Amino acid sequence: MLNKNIVKLAIPLAVGALALTGCSGDSGSGGDGAYKIAFQGPLSGDNVALGENMQNGIELAIEQANAKGDLDFKLEYVAADDQGLPDKATAAAQKVIDDESVVAVVGPAFSGPTNTSSPLYAEAGLVTVSPSATNPNLTDPKNGFKSFLRGVPNDSMQGAGMATYYAKKLQAKKVYLIDDKTDYGVGLASVAEKGLKDAGIEVVRKAVPQKTPDYSATAKDVVNSKADALIYAGYYQDLAPFAKKLKDAGYKGAGISGDGSNDAKFVELAGDASENWFLTCPCTDATVEAGTKKFAEDYQKKFNRAPGTYSAEAYDITNMIIEQVKGLKGDVQREALRDALAKASYKGLTKTFSFDENGEFKGTDVYLYQVKSGKIEYQGNINELVG
């Protein structure tokens, strides 16, 4: 695990660049011609692994872009740690906004912090492109989140994918559905619930808050309900102890969780209790797909670990931002970059990134993974798996 308290700047002479922060005027660049790309997400706290996955992808993209030597400017990375918590998001966003050299933000990573910080970014005209904030309501035009672009299919796709897999592949009859009371968990569970009921599957819905001290009672409820399948809409830090209690209680049915749990940390924390769990993600496995093999090799070389959930997507989004910065030819004002990105189409390693008039990602694909022999293994596109 990388030291999450260290921010690695992507260029030499970083001290000089930072000293000039705040004196950049309308151009968005520092006095040495540097533009900064920030990341807002969990770089400490319970779900740090998901944040580090994305941070690494961003840093790699910036490092490679600087190394090519064909830019008329330098790029720097700025970290804004919100711990994945809404009540930390305002300070994280304000830190980024106050640095006038920051021209774009990758993130926020989680839906709750996105909901909290997006009004601030909208007021500042600072674009945010999230690889992973999937709550469907974030792109509702009534919110006024004018600077938010989503770089991933939302939970309307992920929740529907869970329901489709249970209905058509596993032919489940009764599903116990749990959300963790976060914006992300509630949104994902609500979409899954609708899909399950539309398929004629009986649903038992329960809300269990994050950091519940003991999941024993909930695990017993699941077993006593005689449900043959379970959905947990939340993050790996809570799914892990819950999975252990489910195993202790004798639960034998299927279990599935979303992208918030799709990380090797889940397997590490849950141990044997993670075995056979299904995990969904609107993201591919960068170590498997042919288009991301070179990226995966470069990532492994730099960080001494394989890319994780949303590493490749964060890398792609960073490169999309860099491409649009180049296109503005030295006149990189925040609102101009926001407008350029909103209209752009960018073919990345993982997919083509483009957005509708509300900032919603135009793609729909969701992928399935399963824990087997202590490893998260890529299964493929859910729609293709169910035929």
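Is valine 386 buried or exposed? Valine 386 counts as buried, because its relative accessibility is 18% and buried means under 20%. The model discussed here is a predicted one.

## Valine 386 and its surroundings

Valine 386 belongs to the segment that follows α13, a helix covering residues 382-385. Apart from its neighbours within four places in sequence, valine 386 is in contact with Thr164, Tyr165, Lys168 and Lys169.

A second pair of residues shows how sequence and space can be compared. Valine 386 and isoleucine 322 are 64 residues apart along the chain, and 38 Å separates their C-alpha atoms.

## The annotated domain

The unreviewed UniProt entry lists residues 35-374 as "domain: Leucine-binding protein". In the model, this span is 44% helix and 18% strand. The C-alpha atoms at the two ends of residues 35-374 lie 42 Å apart.

## Phenylalanine 278 in strand β10

Phenylalanine 278 is part of strand β10, which runs over residues 278-281. Phenylalanine 278 counts as buried because its relative accessibility is 8%, and the cut-off for buried is under 20%.

Leucine 368 is 90 residues away from phenylalanine 278 along the chain, yet their C-alpha atoms are separated by 7.0 Å. Leu368 is also one of the residues that phenylalanine 278 touches, once residues up to four places away in sequence are set aside. The others in that list are Tyr165, Leu170, Gly255, Ile256, Ser257, Tyr369 and Gln370. Tyr165 is a contact of valine 386 too.

## Glutamate 360 in a loop

Glutamate 360 sits in the loop between β12 (352-353) and β13 (367-372). With a relative accessibility of 11%, glutamate 360 counts as buried. Its side chain is joined to the side chain of arginine 150 by a polar contact of 2.6 Å.

Arg150 also appears among the residues in contact with glutamate 360 when neighbours within four places in sequence are left aside. The rest of that list consists of Pro136, Thr139, Val152, Asn154, Ser354 and Phe355.

## Alanine 296 in helix α10

Helix α10 spans residues 293-303 and holds alanine 296. Alanine 296 counts as buried, at 9% relative accessibility. Alanine 286 is ten residues from alanine 296 in sequence, and the two are 6.0 Å apart in space from C-alpha to C-alpha.

Residues up to four places away in sequence not counted, alanine 296 touches Ala286, Thr287 and Pro307. Pro307 is met again below, as a residue of the lining of the largest pocket.

## Backbone features in loops

The peptide bond that leads from glycine 107 to proline 108 is cis, and its omega is near -5°. Proline 108 lies in the loop between β3 (102-106) and α4 (111-124).

Two lysines have a positive phi although neither is a glycine. For lysine 181, phi is about 70°, and the residue is placed in the loop between β6 (174-179) and α6 (183-198). Lysine 181 is exposed because its relative accessible area is 53%, and exposed means over 50%. For lysine 329, phi is near 50°, and the residue is placed in the loop between α11 and α12 (334-343). Lysine 329 counts as exposed, at 74% relative accessibility.

## Empty space in the model

Rolling a probe the size of a water molecule over the atoms shows where empty space is left. One cavity of 30 Å³ or more is counted. The largest cavity has a volume of about 90 Å³. It is lined by 13 residues, of which Ala109, Phe110, Ser132, Tyr235 and Asp259 are the closest to its centre. By class, this lining has eight nonpolar, four polar and one charged residues.

The largest pocket holds about 490 Å³ of space. Its lining has 23 residues, and the closest to the centre are Ala264, Ala306, Pro307, Gly308 and Thr309. At least two residues of the lining come from each of α2 (48-68), α9 (264-270) and α11 (311-327). Helix α9 gives the most, with three residues. The pocket lining divides into eleven nonpolar, six polar and six charged residues.

Conventions. Residues are numbered from 1 along each chain as its sequence is written. This is a predicted model: local features need pLDDT of at least 70, side-chain atom pairs count only at pLDDT 80 or more; totals for chains, interfaces and linings use all residues. Side-chain values use heavy atoms; hydrogens and water are left out. Helices (H or I, at least four residues) and strands (E, at least two) are DSSP runs, numbered from the N terminus. Buried means under 20% relative accessible area, exposed over 50%, partly exposed in between (1.4 Å probe, protein chains only). A polar contact is a pair of N or O atoms within 3.5 Å; within protein, one must be able to donate a hydrogen and the other to accept it, and residues adjacent in sequence count only if both atoms are side-chain atoms. Contact means heavy atoms within 4.5 Å. UniProt positions are given in the numbering used here, feature names are shortened, and annotations may be inferred rather than shown by experiment. On a 1 Å grid over the protein atoms alone, a cavity is a set of points where a 1.4 Å probe fits but cannot get out, and a pocket is an open set with protein on both sides within 12 Å along at least five of seven lines; lining residues have an atom within 4 Å of a point. Grid points are joined across faces, edges and corners, and a volume is the space filled by probe spheres set on the points. Ala, Val, Leu, Ile, Met, Phe, Trp, Tyr, Cys and Pro count as nonpolar, Asp, Glu, Lys and Arg as charged, and the others, Gly among them, as polar.
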